[in-house]
Amino acid sequence: MGAQVLLATEGLDPDPAPMSPYAAMQLELAQATGSGFLDAATGLHARRHEDLFLDDCHLTQRGHSVLAQDVATTLRELGWIGP
């Protein structure tokens, strides 16, 4: 009860485009329910040269670190956690 939900897209390497319909559905759901939304796929894709993926969909340790930073930033922007 009272939980807040953050929906996040799934990153793919080298191109997250195949997941675009799913990402659009997540954004629509977040807007309809007042949930948070993080376009993680776009954020990861923008930094793909940093060796973030083990294969086409599994993150390296560095990839998980980058994703965690993006989640924390989004939670701060939503006002769900402090600075």
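Here are a few friendly notes on this predicted model, going from the overall fold to one residue.

1. **Fold.** The protein chain contains 3 helices and 2 strands. Following the sequence, these elements come in the order β-α-β-α-α.

2. **Dimensions and contacts.** If you draw a box along the principal axes, the C-alpha atoms of the protein chain fill roughly 35 × 30 × 20 Å. Among contacts in the protein chain with a separation of 6 or more, 57% are between residues 24 or more positions apart.

3. **Inside and outside.** The protein chain has 83 residues, and 29% of them count as buried. As for the surface, about 5400 Å² is exposed, with carbon and sulfur atoms supplying 57% of that area.

4. **Charges.** Counting side chains in the protein chain gives 4 positive and 11 negative. The centres of these two sets lie 10 Å apart, which may be worth having in view as you look over the structure.

5. **A look at Gln-26.** Where does Gln-26 lie? You will find Gln-26 in helix H1, which covers residues 20-33. Is Gln-26 buried or exposed? Gln-26 counts as buried because its relative accessibility is 6%, and the cut-off for buried is under 20%.

6. **The surroundings of Gln-26.** Which residues is Gln-26 in contact with, once its neighbours within four places in sequence are left aside? The partners are Leu-7, Ala-8, Thr-9 and Phe-37. To see this for yourself, start from helix H1 at residues 20-33 and look from Gln-26 towards Leu-7, Ala-8, Thr-9 and Phe-37.

Note on methods: Residues numbered from 1 in each chain as written. Predicted model: local features only at pLDDT ≥ 70, side-chain atom pairs only at ≥ 80, totals over all residues. Heavy atoms only, no water. Helix = DSSP H or I, 4+ residues; strand = E, 2+ residues; numbered from the N terminus. Buried < 20%, exposed > 50% of the residue type's maximum accessible area, 1.4 Å probe, protein only. Contact = heavy atoms within 4.5 Å. Areas by Shrake-Rupley, 256 points an atom, 1.4 Å probe, with all protein chains shown as cover. Lys, Arg positive; Asp, Glu negative; His and termini not counted. Charge placed at Lys NZ, Arg CZ, Asp CG, Glu CD.
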